[in-house]
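Reader: Could you take me through the aromatic pairs in this model, ring by ring? I'd like the geometry along with how much of each residue is open to solvent.

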Amino acid sequence: MWLIEQVQKLLGRKPPLAPTAQTPSGRVLGGVSRGLEPAGLAAILRQAEQGDLTKQMELFEEIEEKDAYLASLLQTRKQAVLALDYEVLPADDSAEAQRIADQVVELLRNIDLETLLLDLLDATAKGVSVVAMRWEYHRLSRMQLPAEFTWVHPRNLSYDPDSGTLRMRTEGGLEPIPYGAALVHQYRAKSGAPTRAGLMRSLAWLYLFKNYAVKDWVTFLEMYGQPLVLGKYDPTASKDELNALKEAVAALGPEGRGVISKATEIEFKEAQRFGSADAYSRFIELIEREMAVAVTGSPLSSFDGAGGSNAMALTLDKISQRLTRSDAKAVYATLRRDLLVPFCHYNFDRADLAPVVEPIIREPEDLRTAAETIKTLVEAGTPIPTWYIHERFQIPAPQPEDEVLDPMRNQLRLASRGRRVKLASGEPAERARGFVNGMLFVDELIPSAVKQAAAVMQADLEQVVQVIEQSPDYPTLRRKLETLYADLDAGALAELLENALILANLAGRAAVREDL
C-alpha cells in the first residue's frame, strides 16, 4: 500500500476521462426560432423548467445570432471581464503554498485562458456553460496537465428534475459530470431553479416582440414605401396594346424600362401612407432599452445621444464596474474550483493549497480631487511618503540623471529669460544685474552639483546598503557602519563641494563688481 501511494505521488493522481457530448441521432438541430409565437416560446421555457434544456438552449443560441444588438450587449459584457488582468495569490504563507502558486502561474500561461474564460462566460446569457477537459501526463515535468478544452453545447445538458443535478447527454445517456473532467460555470441572474437563471429567459420575450415589430415595419415599407406604377389604356385599345401595356408595367419593376403604344399612358403614383413608421421605430427603441437594462444594468450606457449629467455618467460607470467585478469574481472562482483544485490534487496531493486567482480591477478615480486632498494633508502636517505619491498617481520616480520639475527653479529660470517676473525696481527682468544674476547662477549650480554628487556617492551608498542588509540587529549595524566610515574615501566628494563653494564665491564677487 505504501509503495502504491509513493508511485501515485510520483506519477500524480489519475484524472477522469473527459466526457464526450453526444447529440441524439435523427434530430435536426436549429430552426427553433423559425415562426416562433408566444405560445411556442412559453412551451419551450416550460420544457426547460422540467430539466430538459435542449430546445431552450438552441433557441437562445439562434436569438444571439439573429439579434445583432443583443449580441453586441452580451459581447461587451464578456469583453469587460477578458480585458482585466489577474494575480495568483498563494493559499497561505508557507513555502509549499508559494511553490504551488508558481506552478499555477506557469499553468495559466501555457493554456488559452482567454478562450476558456470566453466559453465559461457564455453562462451569463444561458445560465450554465460547460467546458470538458482532457488531461495528459507529461513525463518531463512529471505532472498531469490539461491538454485540451472542449466547449459543450448547452443543448446537451439537462437537470435532474428531482435532485437538480446537472447531467450531460453522452453515448451512454444522461450522466453526471465527474469531478475534474470539466469546468462548470453557472450564472444566477436571480434566485430559484438553475434552469431559470440565465438572462436569456427575459431577453427571449423582448426578442420575440422586437421580431414582430421588425416584420411589421418591413411589411409597412413594402406596401407604402414604394411608388405605385399605374398604366392607363384607352377603352378603344386593342388586345395587343393592352398586353403590351401589362408587359411594360411589369418590366418597369425590376428593369425600369418598357415599350408601349402611344395610345396608352403610364403614371408613377406617390406612395399614400395610411400609418406612421415612427411607431415601429419607437417600439424597437423601447425594446432595445429594456435589453440594455437587462444586460448592462442601465438604459443609457448603450444609446448614443442620450443626454445626462456628469454625475449620471459616473453612476452608470459604477454600475458597469460592479457587474464586471461580479462576473470576474464568479468566473475565476469556477476556474479555481474546477481546474486549479484538481490540478493541485492530482500533482501535489494538496487540494487545500490551491491558490486563489483574483481579478485586478482598477476603478476610475478623480486625480484632481485626490491631489487637492493630499496637498491639504501635507499642509496640515501629515507625513506622506514619496513612494505613495508616485504609486497613487502612476508617476515614475526620477533617476539621478533625470531633469525634474521644480516650481521655484522654473520661476527663477523664467526671470532669467525675461518672462513675467519683474525686479523690485519695476524694471524688466532682462535688465537684471549684480545680485539677481548671482542668485540665478547659484540656483543653476545647485542641481548640477547634486547630480554630480549622486554619481560620486553611489559606490559608498551601495556599501552602506549592503551593511544594512547583512546586519541582524542595531548594535551590529552601528559597529559595522563605524568600521566602514573609517574606510570610505571622501576625497572626490570633498573636491566637488570645494569647487561648488569656489564657484559660488566667484559668482558673488562678480555680482558685487557688477552692482558697483
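Author: Sure, and let's start with two phenylalanines: Phe343 and Phe348 are both buried. Keep in mind that this is a predicted model. As for how they sit, the ring centres of Phe343 and Phe348 are 5.8 Å apart and the planes meet at 80 degrees, so this one goes down as edge-to-face. Planes over 60 degrees apart get that label.

That's one pair; the count for the model comes to 5 aromatic pairs. Another of them joins Tyr86 and Tyr332, with 6.1 Å from centre to centre and 40 degrees between the planes, which puts it in the tilted class. What makes this pair fun to look at is where its partners come from: Tyr86 belongs to strand S1 (residues 85-89), while Tyr332 is in helix H11 (residues 310-348). They're 246 residues apart, so the pair ties together distant parts of the chain.

Are the two tyrosines buried or exposed? Tyr86 is partly exposed, at a relative accessible area of 30%, whereas Tyr332 is buried, at 3%.

While you're zoomed in, have a look at a helix pair as well. Helix H3 (residues 54-66) packs on helix H4 (residues 68-82) at about 100 degrees, with the axes 5 Å apart. The two are therefore roughly perpendicular. On the H3 side the contact uses Ile63, Glu64 and Lys66, and H4 brings in Ala68, Leu70, Ala71, Leu74 and Lys78. Sorted by class, that contact has 5 nonpolar and 3 charged residues, with no polar ones.

Technical notes:
Residues are numbered from 1 along each chain as its sequence is written. This is a predicted model: local features need pLDDT of at least 70, side-chain atom pairs count only at pLDDT 80 or more; totals for chains, interfaces and linings use all residues. Side-chain values use heavy atoms; hydrogens and water are left out. Axes are lines fitted to C-alpha atoms, for helices over the stretch in contact, and angles run from 0 to 180 degrees between N-to-C directions. Helices (H or I, at least four residues) and strands (E, at least two) are DSSP runs, numbered from the N terminus. Angles under 35 degrees count as roughly parallel, over 145 as roughly antiparallel, 65 to 115 as roughly perpendicular and the rest as oblique. Contact means heavy atoms within 4.5 Å. Ala, Val, Leu, Ile, Met, Phe, Trp, Tyr, Cys and Pro count as nonpolar, Asp, Glu, Lys and Arg as charged, and the others, Gly among them, as polar. Rings of Phe, Tyr and Trp (its six-membered ring) pair if their centres lie within 6.5 Å; planes under 30 degrees apart count as stacked, over 60 as edge-to-face and the rest as tilted. Buried means under 20% relative accessible area, exposed over 50%, partly exposed in between (1.4 Å probe, protein chains only).
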